[in-house]
Amino acid sequence: MAYAHYPTFFAELWWGLKPLCESKPFVASFQDNRAFVEAEVARLQPAPISNTPQNLGYGPREVDGIRQVVEIFPTAINRMW
């Protein structure tokens, strides 16, 4: 988010990082890390949080937005929602 304040810098940074992020080793490592994190979260057996946003006063559109943001962790989050 800090880089968003410097769009020219971010564009240059992404120009350099994009090939790395698209590489097979990077993607494989990312997927391995994600699987590890999701397994560890599941092992902790967190309590469901599905009613928490509504209890805090968030409306349906806001809850939907939250769900979209957390979609990057679908397996772990779906267990909690």
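1. Start at the end of helix H2. The residue that follows H2 is Gln45, and its phi is positive, near 50 degrees. Keep in mind that this is a predicted model. Gln45 is not a glycine, yet its phi has that positive sign. That is worth a second look because most residues other than glycine have a negative phi. Where does Gln45 sit? Gln45 is part of the loop between H2 and H3. Gln45 counts as exposed because its relative accessibility is 67%, and the cut-off for that word is over 50%.

2. Now H2 itself. This helix runs over residues 24-44. H2 has 21 residues, and from its first C-alpha to its last it reaches 30 Å. That is close to the 30 Å expected at 1.5 Å a residue. H2 is also where the chain's confidence is highest, with a mean pLDDT of 92.

3. Zoom out to the whole chain. How many helices and strands are there? The chain comes to five helices and zero strands, so to speak a plain α-α-α-α-α when you read along the sequence. Of the 81 residues in the chain, buried ones make up 9%. The accessible surface comes to about 6900 Å², and 63% of that surface belongs to carbon and sulfur atoms. Take the contacts in the chain with a separation of 6 or more: residues 24 or more positions apart account for 56% of them.

4. Next, the salt bridges. How many does the model have? The count comes to three. As background, side chains of opposite charge can pair when their charged atoms come close. Two of the pairs are worth looking at inside H2, and another involves Lys18 and Glu22.

5. The pair inside H2 to look at first is Glu38 with Arg34. Their side chains meet in a salt bridge at 3.1 Å, N to O. Both residues lie in helix H2, four residues apart, which is about one turn of the helix. Is Glu38 buried or exposed? Glu38 is buried because its relative accessible area is 9%, and the cut-off for buried is under 20%. Its partner Arg34 counts as partly exposed, at 27% relative accessibility.

6. Then there is Arg43 with Glu40, also in H2. Their side chains meet in a salt bridge at 2.8 Å, N to O. Because they are three residues apart in helix H2, about one helical turn separates Arg43 and Glu40. Arg43 counts as exposed at 58% relative accessibility, while Glu40 counts as partly exposed at 28%.

7. Lys18 and Glu22 make a salt bridge too, at 3.3 Å, N to O. Lys18 counts as partly exposed, with 37% relative accessibility. Glu22 is exposed, with a relative accessible area of 52%.

8. Turn the model to find the nonpolar surface patch. The patch covers about 970 Å², and its members are Tyr3, Tyr6, Phe9, Phe10, Trp14, Leu17, Leu20, Phe26, Val27 and Phe30. Which helices each supply at least two residues of the nonpolar patch? Those are H1 (7-21) and H2 (24-44). H1 gives the largest share, five residues. One of the patch members, Tyr6, lies in the segment before H1. Tyr6 is exposed, with a relative accessible area of 52%.

9. A quick stop at Thr52. This residue lies in helix H3, residues 52-55. Thr52 counts as partly exposed because its relative accessibility is 37%. Try picking out Thr52 and Val63 together: they are eleven residues apart in sequence, and their C-alpha atoms are 9.7 Å apart in space.

10. Last, a word on how far to trust the picture. The chain averages a pLDDT of 80, and 81% of the residues score at least 70. Where is confidence lowest in the chain? The answer is helix H5 (residues 74-80), at a mean of 48. Over residues 76-81 the pLDDT is below 50, although this stretch has 17 contacts in the model beyond near neighbours in sequence. Where pLDDT is low, the predicted coordinates should not be read in detail.

Definitions and conventions
Residues numbered from 1 in each chain as written. Heavy atoms only, no water. Patch = residues over 30% accessible without salt bridge, like charges linked within 9 Å, V, L, I, M, F, W, Y side chains within 5 Å. Areas by Shrake-Rupley, 256 points an atom, 1.4 Å probe, with all protein chains shown as cover. Salt bridge = Lys/Arg side-chain N within 4 Å of Asp/Glu carboxyl O. Buried < 20%, exposed > 50% of the residue type's maximum accessible area, 1.4 Å probe, protein only. Expected span 1.5 Å × (residues − 1). pLDDT = per-residue confidence, 0-100. Contact = heavy atoms within 4.5 Å.
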